[in-house]
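This briefing goes through one protein chain by topic. The sequence and the structure come first, and the notes follow.

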Amino acid sequence: MAKELVFSIGGNLYGSAPVKLERKKLYGWSNMVATDKQNVTCISAYLSPDDALVIPSGAYKQGTVDDEGRWVEKSELKACDSENGMELKVVPSSFDAPIALHETVPAEEFLDHEWDSVYQLANTDLADAIGDNIYIFPFSYRGGSTCNDGFLMRTEAGLFLFSGSKLDYPMITLAEETIIDDFEDDVEEDIDELDFSMM
């Protein structure tokens, strides 16, 4: 059974398992399969930098090494601030505790975001409690060093959770006011008639 997110509104708790909306589920997808002359499915492989080895897909992985070239496990890595080098605080997963919904935002605030993920929720009681409001809250699916802005809203198609980050839209204005002058029509100079006797 899928794990549920629990939301708290007005002292009441509502649980629902999020279902991620994926592009291929909406628009479908196609796969291209390569076969040889005997109709046997081919598998992808890679060549080593010196072209001496054929490396099957899945036979290698990315890793991290320290300054001395020693392998470092992912669990040993820590996220740090790029400006001051301080270790970032770990953000818990939103599944670990109920999410308190108390701050609402206008549609303009919602539209100023870029979405990383969209989830559909199935809970009619939660949808009724939300009504026409758009709730904002910190959201982190797995936890870690960062979290996104989460928005919960009800639409005609159902109840949705949007996860993303705000984009800054700077206002574009003229650096200074400018007066456009009306240029006078160029006055054509009178050209004397050509006097052939001068030749």
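Two strands count as paired if DSSP finds at least two bridges between them. By that rule, strand 10 and strand 11 (residues 148–155) are antiparallel partners, with six bridges. The model is predicted, and its chain has an average pLDDT of 84.

**Chain and confidence**

- The chain contains twelve strands and three helices.
- Of its 199 residues, 20% are buried.
- A pLDDT of at least 70 is reached by 84% of the residues.
- Among the elements, strand 10 has the highest mean pLDDT, 95, and helix 1 (residues 23–27) the lowest, 79.
- Where pLDDT is low, predicted coordinates should not be read in detail.
- The exposed surface of the chain is about 16,900 Å², and carbon and sulfur atoms supply 52% of it.
- Of the contacts between residues at least 6 apart in sequence, 58% join residues at least 24 apart.

**The five-stranded sheet**

- Five strands make an open, antiparallel sheet in the order 3-9-12-11-10.
- Strand 3 (19–20) and strand 10 are the edge strands, and each of them pairs on one side only.
- Strand 9 and strand 12 are antiparallel and share eight bridges.
- Strand 11 and strand 12 are also antiparallel, over seven bridges, and they form a hairpin with two residues between them.
- Facing residues mark the register: Ser 117 is opposite Ser 163 in strand 12, Leu 152 is opposite Leu 161 in strand 12, and Ile 134 is opposite Met 153 in strand 11.
- In a regular strand, side chains alternate between the two faces of the sheet.

**Nonpolar cores**

- The largest nonpolar core has 18 residues, and those touching the most other members are Phe 7, Leu 101, Leu 126, Phe 137, Leu 152 and Leu 161.
- Two or more core residues come from each of strand 1 (5–9), strand 9 (113–121), helix 3 (124–130), strand 10 (134–139) and strand 12 (158–166).
- A second, separate core has eight residues, including Val 105, Phe 110, Ile 136 and Phe 151.
- Leu 152 belongs to the largest core; beyond its neighbours within four places in sequence, its contacts include Phe 7, Leu 101, Leu 126, Phe 137 and Leu 161.
- Other contacts of Leu 152 include Leu 121, Ile 130, Asn 133, Ile 134 and Tyr 135.

**Ser 163**

- Is Ser 163, a residue of strand 12, buried or exposed? Ser 163 is buried, because its relative accessibility is 4% and the cut-off for buried is under 20%.
- Ser 163 and Ser 117 are separated by 46 residues in sequence, yet their C-alpha atoms are 5.3 Å apart.
- Leaving out residues up to four places away in sequence, Ser 163 touches Glu 114, Trp 115, Asp 116, Ser 117, Phe 139, Asn 148 and Asp 149.

**Salt bridges**

- There are five salt bridges in the structure.
- Asp 66, Glu 68 and Arg 70 are joined in a salt-bridge network.
- Within this network, Arg 70 bridges to Glu 68 with the closest N and O atoms 3.2 Å apart.
- Arg 70 is exposed at 51% relative accessibility, and Glu 68 is exposed at 63%.
- Glu 109 forms a salt bridge with Lys 166, with a closest N and O separation of 3.5 Å.
- That pair links distant parts of the chain, since Glu 109 lies in helix 2 (residues 107–111) and Lys 166 in strand 12, 57 residues apart.
- Glu 109 is partly exposed at 23% relative accessibility, and Lys 166 is partly exposed at 44%.
- Asp 128 and Arg 154 meet through their side chains in a salt bridge of 3.8 Å, N to O.
- Asp 128 is in helix 3 and Arg 154 in strand 11, so this salt bridge ties together parts that are 26 residues apart in sequence.
- Asp 128 is exposed at 55% relative accessibility, whereas Arg 154 is partly exposed at 34%.

Methods: Residues numbered from 1 in each chain as written. Predicted model: local features only at pLDDT ≥ 70, side-chain atom pairs only at ≥ 80, totals over all residues. Heavy atoms only, no water. Core = buried A, V, L, I, M, F, W, Y, C linked by side-chain atoms within 4.5 Å. Buried < 20%, exposed > 50% of the residue type's maximum accessible area, 1.4 Å probe, protein only. Helix = DSSP H or I, 4+ residues; strand = E, 2+ residues; numbered from the N terminus. Contact = heavy atoms within 4.5 Å. pLDDT = per-residue confidence, 0-100. Areas by Shrake-Rupley, 256 points an atom, 1.4 Å probe, with all protein chains shown as cover. Salt bridge = Lys/Arg side-chain N within 4 Å of Asp/Glu carboxyl O.
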